[in-house]
Amino acid sequence: MSGVCDLTAHRLRWRLAAAQADGQVPSIVAGIVRDGALAWSDGVGDVPGPVADTQYKVGSITKTLTAVLVLQLVDEGALSLDAPASSVLGEVAYADRTVRQLLAHSGGLQAEPGGSWWERSEGGSFDDLASAHDGSDAAFEPDRRFHYSNLAYGLLGEVVARLRGRTWWESVSERILLPLGMTRTSYQASGVHAEGWSVHPYSQTLIAEPLPDTGAMAPAGQVWSTLTDLATYCRFLLEGDDAVLSADTLALAFTPQSGEEHTGLAYAHGLGFQIFRGGSGTLVGHSGSMPGFHAICLVDRKRRTGVVALVNATVGVPVAAFGAALLEELEQWEPALPPVWRANATVPAELHDALGVWHWGATPFVLACEGGDLVARRRGVELWRFGVSDGRIVGIRGYHAGEELHVVRRGDGTVSHLDVGTFILTREPYEDGAPIPGGRPDLGR
């Protein structure tokens, strides 16, 4: 399949071939998504079936499916991000952590559940998982620092199961895969699929890896998928889908909650999603690793591009950096076209008095209505984006995501200033009679 020119396809295949040879992996397949469709795909090595339709295990990309299910419950009002998981699970170890902390790996939980290595062992029930922990093995206090935890997603999967009254996987199938049309994504391998291998470091022979049912830990890394299905998932991450999760909720999920420096890239974690510096600014998605496999699924929302790569070896390819490199190769030779500009048919009434030039202290911002959203720019660069919801102006992207913008009026009804999460914007620099501007907002510097 090729929606790119021959030269670009050759350069992408060169990167793919180099990754397979340098990483010494049995096979690797990769695909590029552009404008919501799979524009290029290819594979190198022993791919057992059609490149775009051969299943590989996707590891922790599974966590994003769990996060989407949790955020659906939040949108429905059945769950609060800031409620402890114990509000659903009762008094089990680590359930005193909030849903937000579990999603963002900021709850301080130990990385792995107790007992034998869960990724290579048959899993048990949630009761089995819960009984193996008393909470004494926490790595840190909550919100002390980022600490990646697979165990956290075992808890989140059970939260979903109890609130939905069905298994975690039934919810994945019914509430994500079915509406998106991801027919080749499954709990265990189905149809043509790659075998999972480790490579002996000295003899360079293949060692078969087990493919267990991980039971209660499945929400952390059980799923199998294909390039075609994950390209569909990339489109969902780029656009949202009201049958699954809106673009506005996804934007909140992509807002950094915690993070660290990771493999040379600035790395943060949102609500179930990894956020890497790269592309037009940030790349959002998740990497994945399970015995015998590793994978990456990333999107660049501004350029409307995405990348998927699947490998059937336990280690060998630095998938996040590799995926970012594929996207940069595409951008270098076939740069993304800017979206078509269209005039607004109407402007929401709530935004009329917020339009124009405003100042934080002496620093100017231009606030304009773009596609029904209120967008704040400085020196032409978008810093904040707000949407109108139930008569309120609420941040959906940038520093003020989730905060409300208030148009503050004087006694005679004229506009005095804007209050954006305690930051004050005035029509004139340091305008007389206006409140003191407040702390330093994100200035895009």
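1. Let's start with helix H8, residues 227-239. With 13 residues at 1.5 Å a residue, H8 should span 18 Å, and its end C-alpha atoms are indeed 18 Å apart, so expectation and model agree. Keep in mind throughout that this is a predicted model.

2. How many of the 13 residues of H8 are buried? The count is 10, so H8 is largely enclosed by the rest of the structure. The buried set consists of Leu227, Asp229, Leu230, Ala231, Thr232, Tyr233, Cys234, Phe236, Leu237 and Leu238. Right after the helix comes Gly240, with a positive phi near 75°.

3. Two of those helix residues turn up again in the core. The largest nonpolar core has 78 residues, and the members that touch the most others are Leu103, Tyr233, Phe236, Phe273 and Leu310. Besides that core, and apart from it, there is another one of 30 residues, including Ala9, Phe146, Tyr267 and Val319.

4. Phe273 is a good residue to click on if you want to see the packing. Leaving out residues up to four places away in sequence, Phe273 touches Tyr233 and Leu237, both of which are among the buried residues of H8. Its other contacts are Thr64, Ala67, Val68, Ala253, Phe254, Ala268, Val284, Gly285 and His286.

5. Next, Arg184, in the loop between helix H7 (168-180) and strand E4 (197-199). Is this arginine buried or exposed? Arg184 counts as buried because its relative accessibility is 16%, and the cut-off for buried is under 20%. Not counting residues up to four places away in sequence, Arg184 touches Asp53, Thr54, Gln55, Ser190, Gly191, Val192, Trp224, Ser225, Thr226 and Asp229. Of these, Asp229 is one of the buried residues of H8.

6. Asp213 sits in the loop between strand E5 (206-208) and strand E6 (224-225). With a relative accessible area of 29%, Asp213 is partly exposed. The side chains of Asp213 and Tyr187 are joined by a polar contact of 2.5 Å. Tyr187 is also in the contact list of Asp213, along with Ser121, Glu122, Gly123, Gln188 and Gln222, again leaving out residues up to four places away in sequence. For a sense of scale, Asp213 and Ala349 are 54 Å apart in space, C-alpha to C-alpha, and 136 residues apart in sequence.

7. Now the sheet. Which strands make it up, and in what order? It is an open sheet of 8 strands, running E13-E14-E15-E16-E17-E18-E19-E20, with antiparallel pairing. Strand E13 (356-360) and strand E20 (423-425) stand at the edges; each has a single partner strand, so one side of each is left without a neighbour in the sheet. From one strand to the next, the twist averages 30°.

8. A closer look at one pair: strand E18 (residues 404-409) and strand E19 (residues 415-420) pair in the antiparallel sense over 5 bridges. Arg409 stands opposite Val415 in E19, and the bridge partner of Val408 in that strand is His417. The hairpin of E18 and E19 has 5 residues between the strands, and there Gly413 takes a positive phi near 95°.

9. The next hairpin along is that of E19 and E20, with 2 residues between the strands. These strands pair over 3 bridges, again in the antiparallel sense. Val420 has Phe423 in E20 as its bridge partner, and Gly421 in the hairpin takes a positive phi near 55°.

10. Positive phi values also turn up outside glycine, and two cases are worth checking in the viewer. His105 has a phi near 60° and lies in the loop between helix H4 (99-104) and helix H5 (126-131). At 1% relative accessibility, His105 counts as buried. Asp143 has a phi near 65° and is found in the loop between H5 and helix H6 (150-164). Asp143 is exposed, its relative accessible area being 55%.

Notes. Residues numbered from 1 in each chain as written. Predicted model: local features only at pLDDT ≥ 70, side-chain atom pairs only at ≥ 80, totals over all residues. Heavy atoms only, no water. Core = buried A, V, L, I, M, F, W, Y, C linked by side-chain atoms within 4.5 Å. Buried < 20%, exposed > 50% of the residue type's maximum accessible area, 1.4 Å probe, protein only. Contact = heavy atoms within 4.5 Å. Helix = DSSP H or I, 4+ residues; strand = E, 2+ residues; numbered from the N terminus. Polar contact = N/O pair within 3.5 Å; in protein donor to acceptor, adjacent residues only side chain to side chain. Expected span 1.5 Å × (residues − 1). Pairing = 2+ DSSP bridges. Axes fitted to C-alpha atoms, helices over the stretch in contact; angles between N-to-C directions.
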